[in-house]
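Q: Could you take me through one spot in this protein up close? I'd like to see what surrounds it and then how that spot fits into the rest of the fold.

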Amino acid sequence: MSSLRQLIALLPFSALLIAPAFSGAQLFSPLPEQTTAASKPTHTAQRQESAVIKNALFVRLEAQPGKEKELAHFLREGLDLARQEGTTPVWFALQLGPSTFGIFDAFSDEAGRQAHLNGPIAQALGANAPNLLAQAPSIERIDVLGTKLPQ
């Protein structure tokens, strides 16, 4: 019985004897056939584009009871207006919960952010807020530290 216990005690160390060449770095290194141009760092137009996104907004919207579908529809229609804004390269309409919605948009500079705040989406939101929102929108100005955008 004691021989069996000794054997079991040595099992964890047997892995070191079987594969002594493996190290932690080797375990996580990609295989040669998995290494592609996409996995190597490059200086592409995408990297340059993402570097210019410096400012953003996060707007939290709380729908009035019973107005959730209308607010969701309003935000979906906002996409057409966002596409027309040359200074708004990134725009998302979000549903965060049953009655909580949001807008995240990003800009290359403060002038673009300010133009958006004075633009057609903000005007439409202001005009429809009394009918759709339970409270005034919460608008947070955000500094973007890094981005990854599709090509």
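**A close look at Arg 113**

A: Happy to! Arg 113 is buried, with a relative accessible area of 5%; the cut-off for calling a residue buried is under 20%, so Arg 113 qualifies. Please keep in mind that this is a predicted model.

Let's start with where the residue sits. Arg 113 belongs to helix α5, which covers residues 110-117. Its side chain has two polar partners to look at. One is the side chain of Glu 110, with a polar contact of 2.5 Å. The other is the backbone oxygen of Ala 56, found 2.8 Å from a polar atom of the Arg 113 side chain.

Now for the wider surroundings. Leaving out residues up to four places away in sequence, Arg 113 touches Asn 55, Ala 56 and Leu 57, as well as Phe 107, and also Arg 141, Ile 142 and Asp 143.

Ala 56 is a handy link to the nonpolar interior. Ala 56 is in a core of six residues, whose members also include Val 90, Ala 106 and Leu 149. That core lies apart from the largest one, which has 17 residues. In the largest core, Leu 61, Leu 71, Phe 74, Leu 75, Phe 101, Ile 103 and Leu 133 touch the most other members. Two or more residues each come from β1 (55-62), α4 (68-84), β3 (100-107) and α6 (120-132). Take Leu 71 as an example: beyond its neighbours within four places in sequence, Leu 71 contacts Leu 61, Ala 63, Phe 101, Leu 132 and Leu 133. In soluble globular proteins, nonpolar side chains tend to be buried together.

Leu 57, another residue touched by Arg 113, leads to a different feature. Leu 57 helps line the second largest pocket, along with residues including Val 59, Asp 105, His 116, Leu 117 and Pro 137. This pocket holds about 160 Å³ of space. Helix α5 is among the elements that each supply at least two lining residues, together with β1, β3 and α6. The largest share, four residues, is from α6.

Finally, let's step back to the whole chain. There are six helices and four strands, running α-α-α-β-α-β-β-α-α-β from the N terminus. Of the 151 residues, 27% are buried. Among contacts between residues at least 6 apart in sequence, 77% join residues at least 24 apart. The chain exposes about 10,700 Å², with 61% of that supplied by carbon and sulfur atoms.

Terms used. Residues numbered from 1 in each chain as written. Predicted model: local features only at pLDDT ≥ 70, side-chain atom pairs only at ≥ 80, totals over all residues. Heavy atoms only, no water. Core = buried A, V, L, I, M, F, W, Y, C linked by side-chain atoms within 4.5 Å. Buried < 20%, exposed > 50% of the residue type's maximum accessible area, 1.4 Å probe, protein only. Contact = heavy atoms within 4.5 Å. Polar contact = N/O pair within 3.5 Å; in protein donor to acceptor, adjacent residues only side chain to side chain. Areas by Shrake-Rupley, 256 points an atom, 1.4 Å probe, with all protein chains shown as cover. 1 Å grid on protein atoms, 1.4 Å probe; cavity = no way out; pocket = protein on both sides within 12 Å on 5 of 7 lines; lining within 4 Å. Points joined across faces, edges and corners; volume = space filled by probe spheres on them.
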